[in-house]
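The exercises below concern a nonpolar core, an interface between chains and a pair of packed helices. Each task is followed by a solution that proceeds step by step.

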Amino acid sequence: MKPRWLIVALGLAGGLIAVGASAAPDVAALARGEQVYARCAACHAIEGNRTGPQHCGLFGRRAGTAPGYNAYSKAMRESQWVWDEKSLNVFLKDPMTALPGTSMGYAGVKDAAERSDLIAWLKEASHPGAACKPIP
Amino acid sequence: MKSTSIYVPSQALFLSRRRAMSTSGAAVLSASAVALLGGHDALAAGAKVSAQELEADVRILNTALGAELEAVAAYQVGAESGLLSKAVLPVAVAFQGHHKEHAAAIASTVQKLGGKPVAAKDKYQFPVEKLKVEADVLRFAAGLERGAISAYLGAVPLFADRALAQVAASILGDEAMHWAVLRQVLGESPVPSAFMS
């Protein structure tokens with residue numbers, strides 16, 4: 001019979017491996033996500049405001065507050081949304097239904113797997129300081 | 001493997017539809033035709049398209065207009081970069097001309113629908129520091145065109161006024177040709193897939 005401390009240690013190690021595995025970005029998913037992001041390039045960039053706001057610093061940012069961007073719809077400015085995996089998943093699926101009045105006249109990324117890849121890639125690519133620099 | 005079924009209309013139906021479109025003059029949409037067509041249904045239909053739906057159509061058009069004006073500015077940056085060869089420069093200028101036509105047609109339609117067309121920005125934030133050789137300029141332009149295809153594709157199903165959806169589809173076709181040509185010049189497969197998303 002294994003000592004109790006060994007079982008606990010093995011359990012902890014297994015847990016850490018599991019956490020590590022889930023936290024590590026899936027390289028293939030990121031590559032697919034970058035491909036999906038190409039659809040956004042008419043209006044968005046990671047660095048620099050375009051027809052739409054820049055995405056650098058997106059995660060954790062309150063909607064309607066990208067630095068230097070002043071063309072937000074009233075609906076977006078007043079939404080009180082904060083961008084994270086969950087809110088992006090809802091918005092990107094069907095922007096005009098999720099946030100009526102948004103200027104993002106786009107039917108949405110309907111495929112759940114594509115949205116997941118896109119959001120995973122966005123999270124990596126929009127990390128300010130590490131991956132990008134917001135342009136005021 | 002994902003199975004995709006596509007409805008292919010019979011040749012007879014296709015031909016009769018083509019004749020019908022030719023008769024109505026809408027088979028080939030010039031910039032002026034686009035401006036005339038866009039908004040016509042909505043204005044004529046009255047009860048069919050609500051004021052709220054019209055407002056949403058105008059909002060979608062204005063976002064497209066902003067992107068078109070940005071594309072015009074981007075091609076200007078490319079044309080003035082001194083990086084484009086003698087053979088490529090006129091093509092880039094021609095594509096810029098198309099974007100100018102799109103912008104004019106959309107702005108006119110927005111006005112006709114009672115909206116205020118967005119104006120070009122005084123200054124655009126383009127990654128000019130990354131444009132070192134001709135291929136960089138072409139790749140940047142190709143990225144914009146690729147995005148424009150998706151943007152119009154994502155706008156087509158949203159218009160309450162179906163005539164506006166036709167206008168968007170017409171512009172989408174032009175953007176797709178730009179993208180294919182730019183990819184060809186870059187040595188990439190000009191048409192890399194059967195479907196766009």
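**Exercise 1.** In this predicted model, determine which residues of the largest nonpolar core touch the most other members, and which helix gives the most to this core.

*Solution.* The core holds 65 residues, of which Leu65(B), Ala141(B), Ala151(B) and Ala155(B) touch the most other members. Turning to the helices, both chains take part: helix 2, helix 4 and helix 6 of chain A, along with helix 4, helix 5, helix 6 and helix 7 of chain B, each supply at least two residues. Helix 4 of chain B gives the most, with twelve residues. For Leu65(B), once neighbours within four places in sequence are set aside, the contacts include Ala103(B), Ile106(B), Ala107(B) and Val110(B), as well as Pro117(B) and Val118(B).

**Exercise 2.** Describe the side of chain B that touches chain A, by origin and by residue class.

*Solution.* The contact takes 20 residues from chain B and 17 residues from chain A. On the chain B side, helix 4 and helix 6 each supply at least two residues, and the largest share, nine residues, comes from helix 6 of chain B. By class, this side divides into nine nonpolar, eight polar and three charged residues.

**Exercise 3.** Classify the packing of helix 6 of chain B against helix 7 of chain B.

*Solution.* The two axes come within 8 Å and cross at roughly 155 degrees. Because angles over 145 degrees count as roughly antiparallel, helix 6 of chain B is roughly antiparallel to helix 7 of chain B. The crossing of these two helices is left-handed. Among the contributors are Leu138(B) and Tyr152(B) of helix 6 and Trp179(B) of helix 7, and the residues of this contact divide into 15 nonpolar, one polar and four charged.

Note on methods:
Residues are numbered from 1 along each chain as its sequence is written. Chains are lettered from A and ligands numbered from 1 in the order in which they are written. This is a predicted model: local features need pLDDT of at least 70, side-chain atom pairs count only at pLDDT 80 or more; totals for chains, interfaces and linings use all residues. A nonpolar core is a set of buried Ala, Val, Leu, Ile, Met, Phe, Trp, Tyr and Cys residues joined through C-beta atoms within 7 Å. A residue is buried if 20 or more other C-beta atoms lie within 10 Å of its own, exposed if 12 or fewer, and partly exposed in between; C-beta atoms are placed from the backbone. Helices (H or I, at least four residues) and strands (E, at least two) are DSSP runs, numbered from the N terminus. Two residues are in contact if their C-beta atoms, placed from the backbone, lie within 7 Å. Ala, Val, Leu, Ile, Met, Phe, Trp, Tyr, Cys and Pro count as nonpolar, Asp, Glu, Lys and Arg as charged, and the others, Gly among them, as polar. Axes are lines fitted to C-alpha atoms, for helices over the stretch in contact, and angles run from 0 to 180 degrees between N-to-C directions. Angles under 35 degrees count as roughly parallel, over 145 as roughly antiparallel, 65 to 115 as roughly perpendicular and the rest as oblique. A crossing is left-handed if the near helix is turned anticlockwise from the far one by less than a right angle, and right-handed if clockwise.
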